[in-house]
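I opened this entry to look up the ligand site and the sheets. My notes follow in the order in which I checked things.

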Amino acid sequence: MLKIKGEVPLKDHTIFKIGGPARYFFVAQNEKDLKNAILWGKKKKIPFFVLGGGSNVLFSDEGFRGLVIKLRNTQYEIRNTKITAEAGVPLQKLVFETAKKGLSGLENLAGIPGTLGGAIWGNAGAFEREIGDLVEEVKILKIENCKLQIAKLKKKDCKFGYRDSIFKKRKNWIILEATLKLKKGKRKEIEKKIKEILKLRKEKQPLEFPCAGSVFKNVLIETVPRKIQEKFKEKIKNGFLPAGVLIEAAELKGYQIGGAKISEKHANFIVNIGNAKANDVMQLIEKIKKEVKKKFRVQLEEEIKLVGF
Ligand SMILES: Cc1cc2nc3c(=O)[nH]c(=O)nc-3n(C[C@H](O)[C@H](O)[C@H](O)COP(=O)(O)OP(=O)(O)OC[C@H]3O[C@@H](n4cnc5c(N)ncnc54)[C@H](O)[C@@H]3O)c2cc1C
């Protein structure tokens, strides 16, 4: 028997603490659970949405009128320099467990909330390291009508790019598991690096408030008008102009609508300072896009996943 719940507030399942109800909600502990839930939804002819740690999503105030499946498959195995982990394993668990074994690779991703599945979906990254750099293979569930099929993708098939992957374009693929290849390193040094990264994050990011990380993607420098490139040339990093630089320069830090506010600490973060509605956040997103477009002729693109709008 599947324990499917009705009308579950999604604000309780996102780091942002925002979002209306899921019509149906189910926690899948393993592959079998997941398959059964998908088939249940197919029979009812309702859409599904796979939720990881809820750290990169904004659900609308109306919520999601289908089945939200929260993935909590959490098995993993470390063998020599490789780790194979199910999609529901928290990324931070992998950061710390691999460090303990003296395996280097994940330390720059310390402090990124959410699951391995969510990280692979969006090719999460920080401090010049992306999860895609480490991926060797990804196991997926393909859903075609009522047919469920397991497949394995090699790294090149995942089409990783800046906060991008093939998974963003394949709504009917669910990431089940991934194998990452790390390098041998020194436990002490890896743990020291993790500490440094966590300290840097604390200094730069408004971690004291609920949020969904960076709201907008950084901007590929070629898409920025020449004059604006010149104006911000010292801020360009690895071919990208940080979205936060433009938002700050548009003097939007601290701007607030309802319970949502553009962080004073980091302009690319919108924080929930108390009972924010998804609608407040959406209004802020529109305001930011409009002002940045008007002032710098740059079109910002959301990094966070908007659901139910
Ligand atoms: C304080 C804070 C700091 C952050 N810092 C960073 C950072 O430095 N770098 C960075 O890249 N991100 C950052 N983020 C954003 C976020 O943590 C990452 O994008 C994270 O990898 C999302 O994982 P998740 O499990 O929470 O995904 P969710 O938010 O649950 O889902 C995100 C998307 O992934 C899809 N998805 C999740 N699991 C699966 C699966 N198994 N199969 C198919 N699709 C799936 C969902 O359907 C959804 O579309 C930050 C967020 C916060 C709140």
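Ligand site. I started with the polar contacts and found an oxygen atom of the ligand 2.8 Å from a polar backbone atom of N56. The model I am reading is a predicted one. For G53 I noted a polar backbone atom that is likewise 2.8 Å from an oxygen atom of the ligand. I then looked at G125, where a polar backbone atom lies 2.7 Å from a nitrogen atom of the ligand.

Next I checked how far the ligand is covered. Taken alone, the ligand exposes 980 Å², and the protein buries 95% of that area. I listed the elements that give two or more residues to the shell around the ligand: β3 (48–51), α3 (116–122), β9 (125–126), β13 and β15 (211–214). Of these I marked α3, since it gives the most to the shell, with four residues.

Which residues come nearest to the ligand? I counted 34 residues around it, and V50, S55, T115, G125 and R201 come nearest. I also sorted the shell by class and got 19 nonpolar, 12 polar and three charged residues.

Five-stranded sheet. I turned to the sheet that includes β13 and read its order as β6-β7-β13-β11-β12, an open sheet of five strands with antiparallel pairing. I asked why one side of β6 and one side of β12 are left without a neighbour in the sheet. The reason is that β6 (76–79) and β12 (147–154) stand at the edges and each has a single partner strand, so one side of each stays without a neighbour there. From one strand to the next I get an average twist of 15°.

Within this sheet I followed β7 (residues 82–86), which pairs with β13 (residues 173–181) in the antiparallel sense over five bridges. Opposite T84 I find T179 in β13. I then looked for a helix on the sheet and found α2 (residues 91–100), which packs on it and touches β6 and β7. The direction of α2 makes about 30° with that of β6.

Four-stranded sheet. β15, already noted for the ligand shell, took me to the second sheet I looked up. Four strands form this open sheet in the order β15-β20-β19-β18, and the pairing is antiparallel. I recorded β15 and β18 (256–257) as the edge strands, each pairing on one side only.

I followed β18 to strand β19 (residues 260–262) and found antiparallel pairing over two bridges. Q256 stands opposite K261 in β19. Last, I looked up helix α7 (residues 278–296), which lies across β18, β19 and β20 (269–272). I noted that α7 runs at about 25° to β19.

Conventions. Residues are numbered from 1 along each chain as its sequence is written. This is a predicted model: local features need pLDDT of at least 70, side-chain atom pairs count only at pLDDT 80 or more; totals for chains, interfaces and linings use all residues. Side-chain values use heavy atoms; hydrogens and water are left out. Two strands pair if DSSP finds at least two bridges between them. Axes are lines fitted to C-alpha atoms, for helices over the stretch in contact, and angles run from 0 to 180 degrees between N-to-C directions. Contact means heavy atoms within 4.5 Å. A residue is near a molecule or strand if one of its heavy atoms lies within 4 Å of it. A polar contact is a pair of N or O atoms within 3.5 Å; within protein, one must be able to donate a hydrogen and the other to accept it, and residues adjacent in sequence count only if both atoms are side-chain atoms. Accessible areas come from the Shrake-Rupley method with a 1.4 Å probe; for residues, only the protein chains shown count as cover. Ala, Val, Leu, Ile, Met, Phe, Trp, Tyr, Cys and Pro count as nonpolar, Asp, Glu, Lys and Arg as charged, and the others, Gly among them, as polar.
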